[in-house]
There are 2 protein chains.
Amino acid sequence: MMRPADLPDIRPLPLFRAMSEPHFRALMNHAHAQVFPAGLDLLQQGDPADFLHVLVEGRVELFATRGGRQTTMAIVEPVASFIIAACITDEPYLMSARTVARSRIVLVPAQELKAVFRQDAAFAVSVIDELAGSYRSMVRHAKSLKLRNSRERVAACLLQLSRQQGDRQGFLLPLEKRRIASWLGMTPENLSRALKSLEPDGVKIDGRRVIITDPGRLGALVGGDRLLDDPCGAWSPPAT
Amino acid sequence: MMRPADLPDIRPLPLFRAMSEPHFRALMNHAHAQVFPAGLDLLQQGDPADFLHVLVEGRVELFATRGGRQTTMAIVEPVASFIIAACITDEPYLMSARTVARSRIVLVPAQELKAVFRQDAAFAVSVIDELAGSYRSMVRHAKSLKLRNSRERVAACLLQLSRQQGDRQGFLLPLEKRRIASWLGMTPENLSRALKSLEPDGVKIDGRRVIITDPGRLGALVGGDRLLDDPCGAWSPPAT
DNA sequence: GTGTTAGATTGATAATTATCAAACCGCGAA
DNA sequence: TTCGCGGTTTGATAATTATCAATCTAACAC
């Protein structure tokens, strides 16, 4: 079920690298990898949490819905696990997931996961670290939503994408704007206008291409610090 | 430093009850309890995370600030721990904390905490459960902010407070309205108007007293499910 | 009792954000 | 190449939410 070729991709993950080899093998014995095309629904909020998902290749969007509305809660990039919190609490997923690009995903049965971290102390510590990091990401997301207006959120997002790509001044948006808008908690129209309104503050937009013309000025506007913006990534990480 | 009388209050906490007695003792050896008056700042976002806090008595508000603005991120009620995620990641607190009422708090050094869960597997599992629950609470909070308007958030909050007190139709708001407003991500003025606008939908407000006159109608408005509203409490739990 | 004060409410207004409809653009399929 | 289509942009407008200032109220000290 599980291609041995996938193992080397997964092993170095922070979540798995500290655990013992036998335990890793035991866990992966019950896992299976699968390739999904872009745009496929992987799981739905409310479903029982049966599998920890590990994204090896591709890109996945976690989103939440209510009534007709929908909002993206996180973008998962390889290699990372997602949906771990639901597996642990044995409660239904709080978010849905779909592929944004063709993706290879390893599915680890939640029961095995729980059994193994009870036996392997190093793995338990890794799970703790993973969850603590995820929690803090979600706190940052909520803080940003509550303390910044949409224009500031957009500016912060651009700055972070730039940093993520090694402080390059010019880069391509890695996602459709409508998804970025949803992640930032605004409509596409609002994002579009916000982007234009930021031009005097040091950004140049041309389709998907972004050029930060004045990082200092943009940074001042954002008033960002590491208590609001994750130094490691623009979109909140993994977990539930 | 630590009053022995406090131990029985803390021991039954989900976080501590599974750990071995010797480990519990070891942990508490390094802990100390303290009583703080209402309105006192306990810690500030950005501070190094030195202590896990356990609220034994009283009430604590976790909040975040940026520039001049400020928003309530969680209300902690006894007996519960808070600020655990920051202790684990060894990074600065993302939130500040202050007492809302006179509070007795046990401070557990982060270093001891980390040392002990590396040794005590049962404790590690408890920490995992705590973090997973906290993460999910924050996801719910963010979902509510992004998928509901302020009126719906208010309605959901009232319904949840009612449920929390055993589905009593009448109850007292356990907090000042301005704090509830901040938790819900709106201004006090907005909350005030939202509360009045909900009267036709089955709520009666008189100062701090709330009477849910038509739970069915209010519930329909909220469109709440357990994927949005925590069955266990109105305000997101603990952690960071 | 009176005065004081912090919080709550109300009204008027402004700022922000969403909605709706139309036009536009880039890109792959035919 | 042209067509079709999803995504984006733009404009007009509406809804939501914030801000500011002025009461109002309840709690409490004196």
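User: How do α7(A) and α9(A) sit against each other, and at what angle do they cross?
Analyst: In this predicted model, their axes come within 9 Å and cross at roughly 70°. The two helices are therefore roughly perpendicular to each other.

User: Which residues meet there?
Analyst: From α7(A) you have Ser150(A), Arg151(A) and Val154(A). They meet Asn190(A), Leu191(A), Ala194(A), Leu195(A) and Ser197(A) in α9(A). By class, that contact has 4 nonpolar, 3 polar and 1 charged residues.

User: And α7(A) with α10(A), what angle do they make?
Analyst: The α10 helix of chain A covers residues 215-222, and its axis crosses that of α7(A) at roughly 135°, coming within 9 Å. That angle makes α7(A) oblique to α10(A).

User: Left-handed or right-handed crossing?
Analyst: Left-handed, for α7(A) passing α10(A). By class, the contact of these two helices has 6 nonpolar, 1 polar and 1 charged residues.

User: Who are the partners in that one?
Analyst: On the α7(A) side they are Glu152(A), Ala155(A), Ala156(A) and Leu159(A). In α10(A), the residues they meet are Leu218(A), Gly219(A), Leu221(A) and Val222(A).

User: OK, on to the DNA. What is closest to strand C?
Analyst: Both protein chains show up there. The closest residues are Asn149(A) and Ser150(A) from chain A, with Lys177(B), Arg178(B) and Ser192(B) from chain B. In total, 15 residues surround DNA strand C.

User: Which elements do those come from, if I count two or more residues each?
Analyst: For chain A, α7 (150-164) and α9 (188-197). For chain B, α8 (177-183) and α9 (188-197). The element that gives the most is α9(B), with 4 residues.

User: What's the class mix of that surface?
Analyst: There are 7 charged, 6 polar and 2 nonpolar residues near DNA strand C.

User: And strand D, which residues are closest there?
Analyst: Glu176(A), Lys177(A), Arg178(A) and Ser192(A), plus Asn149(B). Again 15 residues surround the strand. The elements giving two or more residues are α8 (177-183) and α9 of chain A, together with α7 (150-164) and α9 of chain B.

User: Which one gives the most to strand D, and what are the classes?
Analyst: That is α9(A), with 4 residues. The surface near DNA strand D has 2 nonpolar, 6 polar and 7 charged residues.

User: Switching to the protein-protein side: how many residues does each chain put into the contact?
Analyst: Chain A puts in 43 residues and chain B 42. On the chain A side, β3 (51-66), β4 (69-76), α4 (84-89), α5 (110-119) and α6 (121-147) each supply at least two residues.

User: Which element gives the most on chain A's side?
Analyst: That would be α6(A), with 21 residues. By class, the side of chain A that touches chain B has 24 nonpolar, 11 polar and 8 charged residues.

User: You mentioned α5(A). How does α3(A) pack with it?
Analyst: Helix α3 of chain A, residues 21-29, packs with α5(A) at an angle of about 170°, with their axes 10 Å apart. The pair is therefore roughly antiparallel. His23(A), Ala26(A) and Leu27(A) in α3(A) meet Glu112(A), Leu113(A), Val116(A) and Gln119(A) in α5(A). That contact has 4 nonpolar, 2 polar and 1 charged residues by class.

User: What about backbone oddities, where are the cis peptide bonds you can point to?
Analyst: I can point to one in each protein chain. In chain A, the bond from Pro78(A) to Val79(A) is cis, with omega near -10°. In chain B, Pro78(B) and Val79(B) are joined by a cis bond with omega about -15°.

User: Where do those valines lie?
Analyst: Val79(A) is in the loop between β4 and β5 (80-82) of chain A. Val79(B) lies in the loop between β4 (69-76) and β5 (80-82) of chain B.

User: Which phi value does Ile83(A) have?
Analyst: A positive one of about 80°, although Ile83(A) is not a glycine. Ile83(A) is found in the loop between β5 and α4 of chain A.

User: Last thing: what does chain A look like overall?
Analyst: Its secondary structure comes to 10 helices and 9 strands. The radius of gyration is 19 Å, close to the 18 Å that the globule rule gives for 240 residues, so chain A is as compact as a globular protein of that length. Along the principal axes, its C-alpha atoms fill a box of roughly 55 × 35 × 30 Å.

Definitions and conventions
Residues are numbered from 1 along each chain as its sequence is written. Chains are lettered from A and ligands numbered from 1 in the order in which they are written. This is a predicted model: local features need pLDDT of at least 70, side-chain atom pairs count only at pLDDT 80 or more; totals for chains, interfaces and linings use all residues. A residue is near a molecule or strand if its C-beta atom, placed from the backbone, lies within 6 Å of it. Ala, Val, Leu, Ile, Met, Phe, Trp, Tyr, Cys and Pro count as nonpolar, Asp, Glu, Lys and Arg as charged, and the others, Gly among them, as polar. Axes are lines fitted to C-alpha atoms, for helices over the stretch in contact, and angles run from 0 to 180 degrees between N-to-C directions. Angles under 35 degrees count as roughly parallel, over 145 as roughly antiparallel, 65 to 115 as roughly perpendicular and the rest as oblique. A crossing is left-handed if the near helix is turned anticlockwise from the far one by less than a right angle, and right-handed if clockwise. Two residues are in contact if their C-beta atoms, placed from the backbone, lie within 7 Å. The radius of gyration is taken over C-alpha atoms; the globule rule is 2.2 Å times the number of residues to the power 0.38.
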